[in-house]
Amino acid sequence: MKNNLTPLEPKADKATVRRHNLSLVLRAVHEAGEATRAGIATHVGLTRAAVSSLVEELLEYGFVTEWGKTASGHVGRPGTVLKVSRSGPAGLGVEINIDYVAVCVVDLAGTDRVRLVEHYDNRGVQPSEVIARAARIASRALVSAAEQELRPVGAHLALPGLVSGGAVRQAPNLGWKRVAVEGLFAQALSSLRPTQRALPVSSDNEANVAALAELWFGAGNEGVRSFLYLTGEIGVGGALVLRGELLRGAHGFAGEIGHVVVDPAGPLCRCGARGCLEQYAGQSALLRSAGIDETAGLPGVAELERRARRGDAVAVAAIEEAGRQLGVVVSGAVNLFDPDAVMLGGVYRDLMDWLAPAVDRELSLRVVSGLWGEGRSRLRPSSPSGDATRGAAGVVVREVLADPAAFAERDAK
């Protein structure tokens with residue numbers, strides 16, 4: 001008889017259990033903001049003695065700090081308050097986009113401590129040059145982090161394209177194909193910091209990490225755990241979070257909503273197809289429709305917003321038409337995945353006043369459940385704190401929280 005059972009993992013030994021519990025305690029402090037040993041023990045279901053031992057280890061590693069006693073009025077003796085450390089291990093996020101590079105450092109508490117943004121037109125520029133530029137900005141951010149006694153333990157790259165296996169397989173708006181971005185960035189950063197330990201580098205699509213930032217730092221904190229995230233830049237990115245988990249698809253490429261076809265006979269897209277959504281609702285399309293130089297980038301978007309606020313009919317019509325096309329495509333995604341909300345990020349957040357009514361009209365008309373026509377909109381702007389750069393740094397922080405012992409061991413070498 002053929003055995004089709006999945007092989008079981010080896011039984012966890014004491015060291016493995018302790019590593020798990022160390023993460024459990026650190027995550028409990030992180031989620032609570034501040035906690036006592038007794039409170040943690042109650043929350044995670046471990047004995048007070050076990051929690052005290054684990055806390056001492058986390059204190060020694062520098063992952064948590066003590067902040068005095070709890071206020072009077074509690075039963076029993078006052079407990080020592082524990083908080084996640086604001087110094088020590090941190091995450092480095094690097095976003096390389098079509099017309100800018102942004103870098104930030106986030107501490108273990110999730111606070112954005114260093115942020116640098118520089119605007120460039122990266123289209124038509126050699127990938128190695130763009131990546132080297134990003135490494136130079138990241139190097140400056142690491143110096144600023146060190147001045148605050150922060151020690152980033154990894155770098156995560158957010159990129160506008162299909163990302164897999166450490167490489168950008170395709171980024172149509174940048175003109176990149178098969179670029180080994182993680183290796184190039186690691187090499188460029190190491191050459192700028194020859195006496196420093198090399199940082200591990202990982203990467204993902206920028207809409208994915210923006211959605212994770214929304215989950216960790218924005219709407220997720222308000223209880224929204226299932227949502228479609230749209231980011232309006234020169235391209236249109238998308239990501240879907242269901243019950244607190246990012247939906248990646250079989251190969252990691254889910255969410256490319258900007259290349260859903262609106263009209264098969266429409267304008268040629270940089271991806272090679274015709275009539276993609278970003279040809280109607282991307283930043284360049286918005287500016288072009290409003291009679292603004294489509295290469296003007298973010299200053300052009302600011303001008304579009306100014307004109308709309310003045311009631312300029314052409315500007316308002318351009319935004320509303322983009323909203324209509326967005327609504328048509330988004331309604332299909334809502335019918336497929338049934339999220340609680342749709343978040344609009346990037347330039348869409350700034351244009352919400354004129355964009356949202358058009359999107360909502362299409363959603364109310366096309367979503368078969370009828371939930372979008374019950375008098376309240378499920379369309380909302382993304383949180384200002386939920387951007388791709390912060391999400392990328394947050395990925396590194398979450399890795400530390402998941403296995404603090406691994407990073408402590410690495411530091412000891």
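This is a short exchange about two pockets and one sheet in a predicted model.

Trainee: What makes the largest pocket a pocket and not a cavity?

Mentor: A cavity is a space the probe cannot get out of, whereas a pocket is an open set. The largest pocket holds about 660 Å³ of space.

Trainee: Which residues are closest to its centre?

Mentor: Leu212, Leu215, Trp216, Gly394 and Arg398, out of 34 lining residues. A lining residue has an atom within 4 Å of a point. Elements giving two or more residues to this lining include α1 (14-32), α6 (206-217) and α13 (388-402).

Trainee: How is the lining of the largest pocket divided by class?

Mentor: It has 14 nonpolar, 10 polar and 10 charged residues. Gly counts as polar, so Gly394 belongs with the polar residues.

Trainee: What is known of the second largest pocket?

Mentor: Its volume is about 400 Å³. Of its 23 lining residues, Tyr100, Glu233, Gly346, Arg349 and Asp387 are the closest to its centre. Among the elements that supply at least two residues are β4 (100-107), β5 (112-119) and α13. The lining divides into 9 nonpolar, 7 polar and 7 charged residues.

Trainee: How do you know that β4 and β5 pair?

Mentor: Pairing needs at least two bridges, and 7 bridges join β4 to β5, so these strands pair. They run antiparallel. One bridge partner of Val105 is Val114, in β5.

Trainee: Why are β5 and β10 called edge strands?

Mentor: Each pairs on one side only. The open sheet has the order β5-β4-β3-β6-β10, with mixed pairing. Its twist averages 20 degrees from one strand to the next.

Methods
Residues numbered from 1 in each chain as written. Predicted model: local features only at pLDDT ≥ 70, side-chain atom pairs only at ≥ 80, totals over all residues. Heavy atoms only, no water. 1 Å grid on protein atoms, 1.4 Å probe; cavity = no way out; pocket = protein on both sides within 12 Å on 5 of 7 lines; lining within 4 Å. Points joined across faces, edges and corners; volume = space filled by probe spheres on them. Helix = DSSP H or I, 4+ residues; strand = E, 2+ residues; numbered from the N terminus. Axes fitted to C-alpha atoms, helices over the stretch in contact; angles between N-to-C directions.
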